[in-house]
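Colleague: I'd like a close look at one part of this model. Let me put it up so we can both see it.

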Amino acid sequence: MKTITSILLFSLLYTTLQAQNITDALRYSQTTIGGTARTVGSGGAFNSLGADFSVLSINPAGLAYYRTSEFTITPSYLNGSQEAFLLDDDVSTRENKVASKFFLENIGIVIAKNRPSTGKLRTSNFGIGVNRIADFNESFSYEGSGQGSITNRFRENANGLFPEELDNFESGLAFETGAIFDFDEDNFYDTDFIDSDIIRREQTVDRSGGISELNFAWAGNYFEKFSIGIGIGVPIITYEEEKSYTENDPGNLIPLFNELRFQESLTVSGAGVNLKLGTILTLVKNFRIGASIQTPTRYTISEDFSTSLGYSFTTDEGTVDEETSTLRSESPDGSFRYALKSPLTANLGLSYLIITGKINGFISASAEFKNYSSGEFDFTRFSDNPADAAYQIEINEEIDRTLTSVINYNLGGELAYSKWRIRGGLILQASPFLADDGAYNSIRSIGAGFRADRFYIDAALRMSSGEEGYVPYRESDPSREKLVNITKNFNKLLLTVGYKF
């Protein structure tokens, strides 16, 4: 999945490791319709269709169109490359990294119960299983040279505080290793750099994880004219991030300074709950309209984090570094628990069923509404720290100012001849940033399948590409911050195997 983000907003996307920000709110709120290869191959346009397990995450009313019980499982393979380029530096180098991983995209079972054709309720079906709805896997690195050092951030955060008051994850480590110092003992700190110094810097960022949603749903078909469905979703978050940032002076042009290494580690786990309601109506022959709503997901999230800093410099007495002295410092193991409310989702779809005798299929489209500005953090549920309460107000106001409501579109179709199927689809995903003024990303997909009496197999390929920005560290003056442009290309291959019983 790609994201269009205005370069002027990139500086908003990074704060300290242990402080939640807009990036976190978006990470757990931006989802892409996934699950089975049939749905993915058709662009996720299944709001007004049924008889596919992915509908449990889209519109549970589609569950009513199953006529037989069914088991389905979908492994997937993600392959992608990312190229990162450090902007506005005197010398910069493009770095390309490739990510390849296997996942369980979907697993589930549907119990179908057909009712007498003379009654009002024609089917009464229950489904339980898991659909993957978000991927966080990426890896990129960059290097380049230019003015400015991360020690300026450490110094800004330290100024006005006594050494014993410095935080244990950034400024405190910098003081302990000599990256910042206070020779005058006035609580205003210095570094080994001046503004004109040219510093070589590089960083590697590795991220992994995703959101898999456990679904429980029931749906019934009335008179073969309309269906209703209700479902409970339990999205489960896993996320890991490792960052390694380095500054050095290969030309020995900066007095004293040799090298700085700052490492960050973050592990996130969480779960939430939401309610889904939906209906599908057969307006006239071959035409269906579907509507669904998903309540805001209310997450409880736990984060575990740590940092370490090594610093090397040379004095008249020789080189001082982490190998010859204690100039390497590690933070304690930090943790924080909080709540997050993601936006409500509303979906409207329309489909036309192709029935000709030899060639059958469908053409379908849907529109999904989300208001990202309605996302809210709750830091006070598990904390009585006044600083957490103050930051909660600040970040929620920033979400309201920066993000906006969007409409995403899903288009897709399927053609069937005998036992064979071919599919194609397109997702138009709007940027959640107000400053992007309605910019869209596109995600393309193709697929094919084979259906026997009891057994079926489907394959799909989802292709996405785009650009986004990254800020390695923040400063009080955004014009001093370093900007990294990242070009992404990801392909996901899915293979669904199903058995009817």
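Where is Glu185 found: in the loop between which two elements? Take me through that spot, then on to whatever else is worth a look from there.

Modeller: Sure, and keep in mind that this is a predicted model. Glu185 is found in the loop that runs between α4 (171-177) and β6 (198-222). Its backbone is what caught my eye: phi is positive, about 55 degrees, and the residue is not a glycine. Most residues other than glycine have a negative phi. As for the side of things you'd see on the surface, Glu185 has 70% relative accessibility, so it counts as exposed.

There's another residue to set beside it. Asn286, also not a glycine, has a positive phi near 75 degrees. You'll find Asn286 in the loop between β8 (257-282) and β9 (287-294). Asn286 has a relative accessible area of 16%, and because the cut-off for buried is under 20%, Asn286 counts as buried. Glu185, by contrast, is exposed.

Now for the elements next to those loops. Both α4 and β6, as well as β8, give two or more residues to the largest nonpolar core. That core has 29 residues, and Leu260 and Leu309 are the ones that touch the most other members. The other elements giving two or more residues are β1 (70-86), β5 (138-147), α3 (151-158), β10 (298-315) and β21 (484-500). Apart from this core lies another one, of 28 residues, with Ala25, Val268, Ile301 and Phe377 among them. In soluble globular proteins, nonpolar side chains tend to be buried together.

If you zoom in on Leu260 and leave aside neighbours within four places in sequence, its contacts include Leu309, Gly310 and Tyr311. Leu260 is also in contact with Ile150 and Thr151, with Ala179, and with Tyr245, Thr246 and Glu247.

Pulling back, the protein has five helices and 21 strands, and its C-alpha trace spans about 95 × 45 × 40 Å along the principal axes. Of its 501 residues, 54% are buried. Among contacts between residues at least 6 apart in sequence, 74% join residues at least 24 apart. The accessible surface comes to about 21500 Å², with 56% of that belonging to carbon and sulfur atoms. On the charge side, there are 44 positive and 65 negative side chains, and the centres of the two sets lie 23 Å apart.

Conventions
Residues numbered from 1 in each chain as written. Predicted model: local features only at pLDDT ≥ 70, side-chain atom pairs only at ≥ 80, totals over all residues. Heavy atoms only, no water. Helix = DSSP H or I, 4+ residues; strand = E, 2+ residues; numbered from the N terminus. Buried < 20%, exposed > 50% of the residue type's maximum accessible area, 1.4 Å probe, protein only. Contact = heavy atoms within 4.5 Å. Areas by Shrake-Rupley, 256 points an atom, 1.4 Å probe, with all protein chains shown as cover. Lys, Arg positive; Asp, Glu negative; His and termini not counted. Charge placed at Lys NZ, Arg CZ, Asp CG, Glu CD. Core = buried A, V, L, I, M, F, W, Y, C linked by side-chain atoms within 4.5 Å.
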